[in-house]
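User: Please take a close look at one strand in this model and explain how it is placed among its surroundings. I am in my first year, so please explain each term when you use it.

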Amino acid sequence: MTPAAAAEPGRPFVIPVFIPYAGCPHRCVFCNQTEITQAECGAGPSAAVRDGIEAFLKHKGPGRSTVQIAFYGGNFLGQAPDEICRLLDVAEGFVRSGDVDGIRFSTRPDTVTPDRLDLLAPVSVDTVELGVQSMDDGVLAASRRGHTAGEARSAVRRLKSRGLSVGLQLMVGLPGDSPETSLRTTLTAADLAPDFVRIYPTLVLKESRLALWHRQGRYTPLSLEAAVDLVSRMYGVFMGRGIPVVRMGLQASSGLDDPETVVAGPYHPAFGHLVLSELFLKCAAGLLAERRQAAAPSTAAIEVHPRNISRMRGLGNKNVEILKAMFHIDKLKIIPNPAVSTTAVRVERTDGIFGGAHGGCGLYER
Ligand code: SF4
């Protein structure tokens, strides 16, 4: 999967069913599902869940081959068995009718027990997303998650042994976290060989415990710049290991765009775009630095796959301006070239200053 695959036709059409706080043993310090999902607590009656799915199905566009119902916003396997079966039964009805291909949900690692997994056997669950957040026990304890990294490891093993696809949700900037622990988490999580990951910067959401700690001076969030830099390094590691990163940053919503909702922290509605732009900037800067043979003002050209033009340019052309200033370039062209890999940047010689033929670099560490 390329970095842009999440935006390509052919990816699953996911119908979200929000179950805010359902099955949660407590409220985690950073969580405010009401603001994130804009939904009330729990899933609601079966008829309402069914109506919601039917309404969402009408938005399915062409080119979406796979359709999945996703239970998000709570701790799915932490619910009572009757409630788990009730929701799965509603979703399975759409699978039986041929409107939907599969079911997915998010859950905490400590709920992935053999008896809960047995409940999934008769239905079409194919993907489980684990709210791992960190693989550092100190960070998990400081964030009062109530589970350990060892439980995340066991959960991945159990899910895989049942043939389920596993996604890991990770967070950066948690209480007790640092870039070093986040990068260690990245390597440990990558060793678990998940099918995909999501990475979220920790935000201080109103009415969360983190908001109280922030007010008391006990918690300082990452700056947007630091979060983008850190997540770009994590993204590079996962993609270099062939593990798709399907989302970076929370989905923009009217709730999150309300300035009262995000009290502090690195929120940006296009966070994932910022991360990819940062990767392209670092890659191009590395190539230009390697190839610079004189300090005289010059012209240069950078070639990227057409899909990556806006990422190479950066938001508001920021990357172009940074590179021009860094390398004293008067004119810097960004050229679409379908022959360049979607995961590479190529610097073109235009006036002899950048000697040699094409210089190319891959975006990911291996
Ligand atoms: S982070 Fe997950 S487990 Fe914690 S309160 Fe929110 S939904 Fe529940």
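Analyst: The answer below begins with one strand and then moves outward to its surroundings.

This is a predicted model, in which local features need a pLDDT of at least 70 and side-chain atom pairs count only at pLDDT 80 or more, while totals for chains, interfaces and linings use all residues. Residues are numbered from 1 along each chain as its sequence is written.

The strand in question is E3, which covers residues 102–107. Helices (H or I, at least four residues) and strands (E, at least two) are DSSP runs, numbered from the N terminus. Five of the six residues of E3 are buried, so this strand is largely enclosed by the rest of the structure. A residue is called buried if 20 or more other C-beta atoms lie within 10 Å of its own, exposed if 12 or fewer, and partly exposed in between, with C-beta atoms placed from the backbone. For the protein as a whole, buried residues make up 41% of the 366 residues.

E3 pairs with two strands, and pairing here requires that DSSP finds at least two bridges between the strands. With strand E2 (residues 67–72), E3 pairs in the parallel sense over four bridges. In this pairing, Gly102 of E3 is the bridge partner of Gln68, and Ile69 stands opposite Ile103 in E3. To get from E2 to E3, the chain passes through helix H3 (residues 81–96), and this β-α-β crossover is right-handed, a term used if, with the strands pointing away from the viewer, the path from the first strand over the helix to the second runs clockwise. With strand E4 (residues 125–133), E3 is joined by five bridges, and these two strands also run parallel. Ile103 appears again in this pairing, where its bridge partner in E4 is Val125.

These pairings belong to an open sheet of seven strands in the order E1-E2-E3-E4-E5-E6-E8, with parallel pairing. Strands E1 (13–18) and E8 (245–248) stand at the edges with a single partner strand each, so one side of each is left without a neighbour in the sheet. On average, and with direction ignored, neighbouring strands of this sheet are turned by 20 degrees against each other; axes are lines fitted to C-alpha atoms, for helices over the stretch in contact, and angles run from 0 to 180 degrees between N-to-C directions.

Helix H6 (residues 149–161) lies across E4 and strand E5 (165–172), and it runs at about 175 degrees to E4. Contact, wherever the word is used here, means that the C-beta atoms of two residues, placed from the backbone, lie within 7 Å. Among contacts in the protein between residues at least 6 apart in sequence, 77% join residues at least 24 apart.

A last detail lies in the loop between helix H7 (179–191) and strand E6 (196–201), where Ala193 is found. Most residues other than glycine have a negative phi. Ala193, however, has a positive phi, near 50 degrees, and this residue is exposed, with 12 other C-beta atoms within 10 Å. Another positive value, near 55 degrees, is the phi of His328, which is found in the loop between helix H13 and strand E11 (329–336). With 13 C-beta neighbours inside 10 Å, His328 counts as partly exposed.
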